[in-house]
Amino acid sequence: MEYRHVPVMLDEVIEYLKPSEGEYFIDCTLGGAGYTKSIAKLLGKEGRILSFDLDPWAIENAKRILKEEKLENVIIENINFKNIYETAEKNFKKNNKKEFDKGIFSGIVFDLGLSNAQLEDTKRGFSFKEDTPLDMALEGDNGRTLDLINNYSREELETYLREYGEEKFYKRIVGGIFDARKTGSIETTKQLVDIIEAAVPAFYKRQKIHFATKTFQALRIATNEELESLKIALPDSLRLLKKGGRIAVISYHSLEDRIVKKIFKSESIDCHCPSSFPVCQCGHKASIKIINKKILLPTEEEVARNPKSRSAKMRVAEKI
Ligand SMILES: C[S@@+](CC[C@H](N)C(=O)[O-])C[C@H]1O[C@@H](n2cnc3c(N)ncnc32)[C@H](O)[C@@H]1O
């Protein structure tokens, strides 16, 4: 079934990245091709957009959408965006030998997390609405979710639930997981939901947000090493931008936003030496300037139209 994602903050992405004829762009999170489609149209025949997704299902879905649009300037790669540099090099260096190392991309965009289609697909392990094998890997089963649930230490699981899930009942839930481990391995989403249900207090189960949401989010982020990938991809993206080129990152989780903020800040200042050093010894030079000092949020109209956009936060920086 074809799925059309409603792109979040698309107008702002276009306004801040200003794609124009003949430029090269990268969309690190192709998803339902919302951004890629709009950007590709503005880049024209001579321009190119290189678009990634780690999920083979998302890739096939996006290919169908882009084919209908007859867009021939899109290059699609089924990869983790942490491999942005080598993938860009593979696709662009041959025809841009001299310029590549100085940066040839005019815009790079990240729209982090998962699409609703992925989160709500009851055949996959991201959803707790049906009983499915516990597999939250975007690229398809790699056994990592099962490994986390059944083999990781109490401390590690508590940290994931507390930090990635912001789950206040993390201790009780991990306690429940450890009790269940004594009688065999935890293999399905239903087993996990039952453990969480038994562990959390009654009032928590009456709240609007489902009591398993935060635990599932935490395990998904840990399974896919989502934060680690971002930490690798951002500095490499900055290297790929040409002077005046811009990067926009849309995040939905405070930990992701913190990583973006920290890397942008660190790359926008000249020296990283402690303030007690009388002269700079590190020699670091700023490579970007931050475009929006105040974080960009979706408009009220967008949130009313698409409530899923309400937690989006966008940061933009420009290569100098
Ligand atoms: C919110 S959706 C993007 C929607 C897209 N902007 C659009 O307009 O349709 C995020 C997409 O990024 C993909 N993704 C998440 N982490 C990834 C990673 N590390 N590498 C590549 N793709 C990733 C997900 O599979 C998902 O399809």
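This report describes a predicted model of a protein with a ligand, going from its overall form to single residues.

## Overall form

The protein has 320 residues, and its radius of gyration is 21 Å. A compact globule with that number of residues would have a radius of gyration near 20 Å, so the value for the protein agrees with this expectation. Measured out along the principal axes, the C-alpha trace spans about 60 × 60 × 40 Å.

The secondary structure consists of 15 helices and seven strands. Of the 320 residues, 41% are buried. Among contacts with a separation of 6 or more, 69% are made by residues 24 or more positions apart.

## Domains

The protein is divided into two parts: domain 1 takes in 10-116 + 226-319, and domain 2 takes in 139-223. The contact between them takes six residues from domain 1 and five residues from domain 2. On the side of domain 1 that touches domain 2, four residues are nonpolar and two are charged, with no polar residues. The centres of the two domains, taken over C-alpha atoms, are separated by 32 Å.

## Surroundings of the ligand

The ligand is surrounded by 21 residues. The closest of these are Pro7, Thr29, Gly31, Gly32 and Gly34. By type, the shell around the ligand holds nine nonpolar, nine polar and three charged residues.

## Nonpolar cores

The largest nonpolar core has 50 residues. Those with the most contacts inside this core are Ile26, Cys28, Phe105, Ile108, Val109, Ala248 and Ile250. Strand β5, which covers residues 241-251, gives the most to this core, with five residues. Apart from the largest core lies another one, of 27 residues, including Leu114, Ile195, Ala218 and Leu219.

Two members of the largest core can be followed through their contacts. When neighbours within four places in sequence are left aside, cysteine 28 is in contact with Phe52, Phe81, Ile84, Ile108, Val109, Phe110 and Ala233. With residues up to four places away again not counted, isoleucine 108 touches Ile26, Cys28, Ser237, Leu240, Leu241 and Ile247. Isoleucine 108 lies in strand β4, residues 105-111. Isoleucine 108 counts as buried because it has 29 C-beta neighbours inside 10 Å, where 20 or more are required. Its C-alpha atom is 5.7 Å from that of phenylalanine 25, although the two residues are 83 apart in sequence.

## Two loop residues with positive phi

Most residues other than glycine have a negative phi. Lysine 18 has a positive value, near 45°. This lysine is found in the loop between α1 (10-17) and β1 (24-27). Lysine 18 is partly exposed, because 13 other C-beta atoms lie within 10 Å, and a residue counts as exposed with 12 or fewer.

Glutamate 166 also has a positive phi, near 50°. The loop that holds glutamate 166 runs between α8 (154-164) and α9 (170-181). Glutamate 166 has 14 C-beta neighbours inside 10 Å and therefore counts as partly exposed.

## The loop between β6 and α15

Asparagine 292 lies in the loop between β6 (288-290) and α15 (300-305). Asparagine 292 has 13 C-beta neighbours inside 10 Å, so this residue counts as partly exposed. Leaving aside neighbours within four places in sequence, asparagine 292 is in contact with Arg315 and Val316. Asparagine 292 and alanine 317 are 25 residues apart in sequence, with 7.4 Å between their C-alpha atoms.

Lysine 293 is found in the loop between β6 and α15 as well. With 5 other C-beta atoms within 10 Å, lysine 293 is exposed, because the limit for an exposed residue is 12 or fewer. Lysine 293 and threonine 183 are 110 residues apart in sequence and 53 Å apart in space, C-alpha to C-alpha.

Technical notes. Residues are numbered from 1 along each chain as its sequence is written. This is a predicted model: local features need pLDDT of at least 70, side-chain atom pairs count only at pLDDT 80 or more; totals for chains, interfaces and linings use all residues. A residue is near a molecule or strand if its C-beta atom, placed from the backbone, lies within 6 Å of it. Ala, Val, Leu, Ile, Met, Phe, Trp, Tyr, Cys and Pro count as nonpolar, Asp, Glu, Lys and Arg as charged, and the others, Gly among them, as polar. Domain bounds come from an automatic or database domain assignment. Two residues are in contact if their C-beta atoms, placed from the backbone, lie within 7 Å. A nonpolar core is a set of buried Ala, Val, Leu, Ile, Met, Phe, Trp, Tyr and Cys residues joined through C-beta atoms within 7 Å. Helices (H or I, at least four residues) and strands (E, at least two) are DSSP runs, numbered from the N terminus. The radius of gyration is taken over C-alpha atoms; the globule rule is 2.2 Å times the number of residues to the power 0.38.
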